[in-house]
Amino acid sequence: MSVYDDLTTVQRNLDDLQRPLGRLEQQLGGSGLEIRRVRLDADHLRESVALLREAAAARGTTRRPDLVTISDTPYDVTLWTDSDDEGLGARDRHAP
């Protein structure tokens, strides 16, 4: 899994957590210290995941892929001596 997949999974789980927290807040009342504390903790987690996503995006944009040098000289024709032509088969053989 990539970092972005993991961050998306965490974000989805936090979204899933928000729904039952809202129902609990309605059932228990939003004025209790415990429910406010849980709500604040969940909000802090959401902010932290957003910061992680920004950091991952910044790190991903600064990293450049490794360059591969391709020579301009032609390939040696003996490399394809025993090769098959895709869809046509080998040169000296016939289809069954």
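Here is a quick briefing on the chain shown above, from its overall make-up down to single residues. Keep in mind that this is a predicted model. The chain has two helices and zero strands, and buried residues make up 11% of its 96 residues. Three salt bridges turn up in the structure, and a nonpolar patch sits on the surface, made of Val68, Ile70, Tyr75, Leu79 and Trp80.

**The chain as a whole**

- Take the contacts with a separation of 6 or more: 55% of them are between residues 24 or more positions apart.
- The accessible surface of the chain is about 8,800 Å², and carbon and sulfur atoms account for 56% of that.

**Helix H1**

- Helix H1 covers residues 3-28.
- Its length checks out: with 26 residues at 1.5 Å a residue, H1 should span 38 Å, and the end C-alpha atoms are 37 Å apart, so the two figures agree.
- Which residues of H1 are buried? Leu7, Gln11, Leu14, Gln18 and Leu21 are.
- A general point helps in reading that list: an α-helix has 3.6 residues a turn, so residues three or four places apart point the same way.
- Right after H1 comes Gly29, which has a positive phi, near 90°.

**A salt bridge inside H1**

- Arg19 and Asp16 pair up through their side chains in a salt bridge, at 2.2 Å from N to O.
- Both residues belong to helix H1 and are three residues apart, about one turn of the helix.
- Arg19 counts as partly exposed because its relative accessibility is 49%, and that value falls short of the over 50% needed for exposed.
- Asp16 is partly exposed too, at 36% relative accessibility.

**Salt bridges between H1 and H2**

- Glu25 makes a salt bridge with Arg39, and the closest N and O atoms are 2.8 Å apart.
- Since Glu25 is in helix H1 and Arg39 in helix H2, the pair ties together parts that are 14 residues apart in sequence.
- Is Arg39 buried or exposed? Arg39 counts as buried because its relative accessibility is 19%, and the cut-off for buried is under 20%.
- Glu25, the partner, is partly exposed, with a relative accessible area of 26%.
- Arg46 forms a salt bridge with Asp15, with 2.5 Å between the closest N and O atoms.
- That pair links distant parts of the chain: Arg46 is in helix H2 and Asp15 in helix H1, 31 residues apart.
- Arg46 is partly exposed, with a relative accessible area of 29%, and Asp15 is partly exposed at 28%.

**More on helix H2**

- Helix H2 runs over residues 33-62 and includes Arg39.
- What does Arg39 touch, leaving out residues up to four places away in sequence? The list is Gln18, Leu21, Gly22 and Glu25.
- Two residues on that list, Gln18 and Leu21, are also among the buried residues of H1, while Glu25 is the salt-bridge partner of Arg39.
- Leu45 is another residue of helix H2, and Leu45 counts as partly exposed because its relative accessible area is 46%.
- How far apart are the C-alpha atoms of Leu45 and Leu14? They are separated by 7.8 Å, although the two residues are 31 residues apart along the chain.
- Leu14 is one of the buried residues of H1.

**After H2**

- The nonpolar surface patch consists of Val68, Ile70, Tyr75, Leu79 and Trp80, and together these residues have about 640 Å² of accessible area.
- Ile70, one of the patch residues, is in the segment after H2.
- Ile70 counts as exposed because its relative accessibility is 65%, and the cut-off for exposed is over 50%.
- Thr73 is also found in the segment after H2, and Thr73 is exposed, with a relative accessible area of 55%.
- The side chains of Thr73 and Ser71 are joined by a polar contact of 2.8 Å.

Technical notes: Residues numbered from 1 in each chain as written. Predicted model: local features only at pLDDT ≥ 70, side-chain atom pairs only at ≥ 80, totals over all residues. Heavy atoms only, no water. Helix = DSSP H or I, 4+ residues; strand = E, 2+ residues; numbered from the N terminus. Buried < 20%, exposed > 50% of the residue type's maximum accessible area, 1.4 Å probe, protein only. Contact = heavy atoms within 4.5 Å. Areas by Shrake-Rupley, 256 points an atom, 1.4 Å probe, with all protein chains shown as cover. Salt bridge = Lys/Arg side-chain N within 4 Å of Asp/Glu carboxyl O. Patch = residues over 30% accessible without salt bridge, like charges linked within 9 Å, V, L, I, M, F, W, Y side chains within 5 Å. Polar contact = N/O pair within 3.5 Å; in protein donor to acceptor, adjacent residues only side chain to side chain. Expected span 1.5 Å × (residues − 1).
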